[in-house]
Amino acid sequence: MSDFEREERAFRAALARAADGFEPRELAIPGASDGSGPADLADETEKAEEKAPVRRKAPWILAAAAAVLAVVGLGGVVANLQPTGGGGESTAASDASGAEDRSGDAPKALSEPEAAAPEGTYDNGGRTDLPAPADGNRWAVRYDIAFQVPEEWADATAPALPECIAKPGDQWDTVPRTPYVANITNQPVPSIACNETEDRDFPPQFGKVPFALWQPYVLIEKPGKGASLQTGSWEHEGWLLTRVQVGDDAYATILTGPGDERVNQEIKGSLRTVAKDPYGCETASPLAEGDPVRPKSDPATSPLEGDAPESIAICRYEPSSASLTGSREITGSDAAGLIEAIRSAPARSGPNTPQNCAAGQPVTAYVILRIFRDGGEPGEVFVNYENCDDHGFYDGVTVHELTAAACRPVFAEEPVTIYSAQGDVAKVCLS
């Protein structure tokens, strides 16, 4: 395709979207079933043509653990969890009638943002060698890869089974409705197979999400030792997909809509490996898979003691990749309140259900709280919520139980979320 033809197609797509944008549409308001899981969707079949696919704000507990490909232990109760997101704005759903009317057209591109910038966007903070982001941008970090995206791009979870999405709004449609940076998850995936991809008339490099549901995104992947992904650039109806290798073992996939080739190139140009993210999280996991979730040194005093913190970096890690999978920052009264809630929690481990897990099973995710005061070295509190035992906040001096007041602020917003947990932990840590 020549440059002229590519520009003509992009121009036509932009005009079509602009025309759609002037049509009056009914706003879809999430109903009482917003917090329900897939089991409730059968009751909504008759409403599917009238309502938008809504991003669910409450987690759901999977009753039949046998239907999930996740090894959590023997007889364990597994929670399959949809993260709440940051205040709801970052994954606002479009109305179903618009999706149906535009089923053959490209979805809205980055040039038409619908969501406010996520709160707590990355800043320099004086604790990293990353420069301040360009105006209108924020830094995002996955693993040890940092890159800049427009501020309005959300942190969100990509659909686990895109090949199962037959049409917008169906049971498996959990595609974010705004541009996003894909979360790194260890979420359980239902053990089903789907072949609803006959209508995917675009290059296979674009994946299996139906064209009507495409959104700009950045996905960072580490395929594993000895594995690799195809790199290059591909175009479809003005959409540009770029995949490049970053460092020795990571790949960045960038999708942008018609007319946003510059954004694609700017994201690509900002990619770099870092040892520390802008909030102060080390990007390398301090624990190997199978290590107990504990500080490696015993401080003279608990990092929970002292003046109110300047900030707290909430750092989520995946031991199997030895990397940071998500982070965010809290400051002011939120940071002080979290410290007080942890200190007020009972000095014991819990809630625990050791009978539900096999001995020695490694954790797949954990959190470190890095507590900053007056520019000094941060204190660290390790948070263990995985598997069935030794749950709690470990500060090197005392362990404090996971309580709702202390645990829920840690997992309140993406990309630091719980994707699977024992039922007792889910009840405590998820609102």
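**Exercise 1. Locate Glu237 in this predicted model and characterise its backbone and its exposure.**

Solution.
1. Glu237 is found in the loop between β7 (232–236) and β8.
2. Its phi is positive, about 50°, although Glu237 is not a glycine.
3. The relative accessible area of Glu237 is 30%. Buried requires under 20% and exposed over 50%, so a residue in between is partly exposed. Glu237 is therefore partly exposed.

**Exercise 2. Carry out the corresponding analysis for Tyr143.**

Solution.
1. Tyr143 occupies the loop between β2 (137–142) and β3 (145–150).
2. Although Tyr143 is not a glycine, it has a positive phi of about 55°.
3. With a relative accessible area of 7%, Tyr143 is buried.

**Exercise 3. Determine which geometry the pair Trp214 and Trp239 adopts, and which parts of the chain the pair ties together.**

Solution.
1. The structure holds 8 aromatic pairs. In the pair formed by Trp214 and Trp239, the ring centres are 5.6 Å apart and the planes meet at 80°.
2. Planes over 60 degrees apart count as edge-to-face, and the Trp214 and Trp239 pair is edge-to-face.
3. Trp214 lies in the loop between β5 and β6 (217–221), whereas Trp239 belongs to strand β8 (residues 239–246); the pair therefore ties together parts that are 25 residues apart in sequence.
4. Both Trp214 and Trp239 are buried.
5. Ring pairs also link these two residues with Phe202, Phe206 and Phe211 into a cluster.

**Exercise 4. Classify the aromatic pair of Tyr366 and Phe382 and state where its members lie.**

Solution.
1. The centres of Tyr366 and Phe382 are 6.4 Å apart, with 5° between the planes.
2. Planes under 30 degrees apart count as stacked, and the Tyr366 and Phe382 pair is stacked.
3. Tyr366 lies in strand β13 (residues 366–372) and Phe382 in strand β14 (residues 379–384), so the pair ties together parts that are 16 residues apart in sequence.
4. Tyr366 is buried at a relative accessible area of 0%, and Phe382 counts as buried at 2%.

**Exercise 5. Establish the charge environment of Glu163.**

Solution.
1. Glu163 is situated in the loop between β4 (154–156) and β5 (180–182), and Glu163 is buried.
2. The nearest side chain of opposite charge, Lys208, is 5.6 Å away. A salt bridge needs a separation within 4 Å; Glu163 has no salt bridge.
3. Beyond its neighbours within four places in sequence, Glu163 is in contact with Cys194, Glu196, Thr197, Arg200 and Lys208.

Methods
Residues numbered from 1 in each chain as written. Predicted model: local features only at pLDDT ≥ 70, side-chain atom pairs only at ≥ 80, totals over all residues. Heavy atoms only, no water. Helix = DSSP H or I, 4+ residues; strand = E, 2+ residues; numbered from the N terminus. Buried < 20%, exposed > 50% of the residue type's maximum accessible area, 1.4 Å probe, protein only. Lys, Arg positive; Asp, Glu negative; His and termini not counted. Contact = heavy atoms within 4.5 Å. Phe/Tyr/Trp six-rings, centres within 6.5 Å; stacked < 30°, edge-to-face > 60°.
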